[in-house]
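Hi everyone, thanks for coming along. Today I'd like to walk you through the pockets in this one, so let's put it up on the screen.

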Amino acid sequence: MSLTNYNINKLDVALSSGLSTALKVLDSILASPASVTCENGKIEALNSVEFSKVEPAMCAIATFSGDVSGTGVIMFNESALLVTISQLTKNDESEFDEMSLGMLNEIISQTAGDFAASISSELGKNITVTMSQLFDFNGAADIAPYIGGGVLDDVFSKHVSYDVEGILSASSIVIINREFIEAVCEIEEPRATAEPVYEVEEQQEEADAVQQQSAQTENYDYSSEASLQTTANTQASEAIAPKPSRFKQDVNIQAQTPVFPSFETNETEDFSSLVGGNIDLLMEVPVNVCIEIGKAKKKMKEVMNYSQGSVILLDKRVGEPADITVNGQIIARGEVIVIEDSFGVRITEIINSKELAELK
């Protein structure tokens, strides 16, 4: 199997973009700035991949479908996963139990959508990614069956380092199998536009045409110019002259100016009492006031997998204001507070009509 530099770079850039987008979720989960550094990927045998940077590690299998199919493995450092669990549960003695693994699997599944969207954009293909549950990594032989080959088969490996300020620094490895690589090979390289090539005979023909035109100009008979101009003017007049209509015209049509009824308005009439009365009637109508701290869009199959302890990642970051809606219409934003044993919201912003129109 051979890859051109163009396809290798295309795959490398796509994975770098997808991983950077997916790992940026650590910003909101750990509430601290995160940075991602991607090393250049390379083609190598599976058993030649340097796993020591992430061991001890846990893996998740990525299944690609759509325009480009194949599988891959994403490896995470165990210590980084434990730190993430500790930050979410506020427990420094976290371990890989059923609840914590459920939280991690949910986060990885949610970031798969961002990863797929990013690589789809880079490769110009419609690609979806489905992530498996996390499992322990004990060597290349453990993951070889998942990527459809053996430890000596060529794969595309890529090391990624990420740092969350003041919380953790860790590495991950992404391994893509032969099927996905070959699908990327089918991406056509852009071709440069070829410059027009003129043969010697064509150049000679152009030169002869120029000379012939010059000779005709020198021998031109100006005496016939007046007659030619007269003929041209006659033809132009005939072309411009209107042709008789094929439709019968009614010469008895009479046009009249339309008359509209007049509407008298009593400018002295006062409607304020009437409007005020109507508003007073509406003041007693009950409305539903709801506070929305965030939303999440899920597929039904994901919702069906929810169980006690599952974590649902919302679209808002820590510290962002909550939306205040009346009968489903957002009217303000505010911060959530606690008053004795109840929750409350302190309004910090009123939505004006211009912002309301943009939200619609």
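**A look at the pockets**

Helix H4 is the top contributor to the lining of the largest pocket, giving 13 residues. Before I go further, please keep in mind that this is a predicted model.

So how much space lies in the largest pocket? About 1100 Å³. Its lining is made up of 39 residues, and those closest to the centre are Glu106, Ser109, Gln110, Lys298 and Glu302. If you want to trace the elements on screen, look for helix H4 (98-123), strand E5 (127-131) and helix H10 (300-304), each of which supplies at least two residues of that lining.

What about the classes of residue lining the largest pocket? There are 16 polar, 12 charged and 11 nonpolar residues.

Now let's turn to the second largest pocket, where the volume is about 450 Å³. Here 19 residues form the lining, and Ile293, Leu314, Lys316, Arg317 and Val318 are the closest to the centre. Two elements, helix H2 (26-30) and strand E11 (329-339), give two or more residues each to this lining. Which of the elements gives the most to the second largest pocket? That's E11, with three residues.

By class, the second largest pocket is lined by 12 nonpolar residues, along with four charged and three polar ones.

To put the two side by side: the lining of the largest pocket counts 11 nonpolar residues, while the lining of the second largest counts 12. For charged residues, the largest pocket has 12 and the second largest has four.

That's my tour, thanks for listening!

Definitions and conventions
Residues numbered from 1 in each chain as written. Predicted model: local features only at pLDDT ≥ 70, side-chain atom pairs only at ≥ 80, totals over all residues. Heavy atoms only, no water. 1 Å grid on protein atoms, 1.4 Å probe; cavity = no way out; pocket = protein on both sides within 12 Å on 5 of 7 lines; lining within 4 Å. Points joined across faces, edges and corners; volume = space filled by probe spheres on them. Helix = DSSP H or I, 4+ residues; strand = E, 2+ residues; numbered from the N terminus. Nonpolar A, V, L, I, M, F, W, Y, C, P; charged D, E, K, R; others polar.
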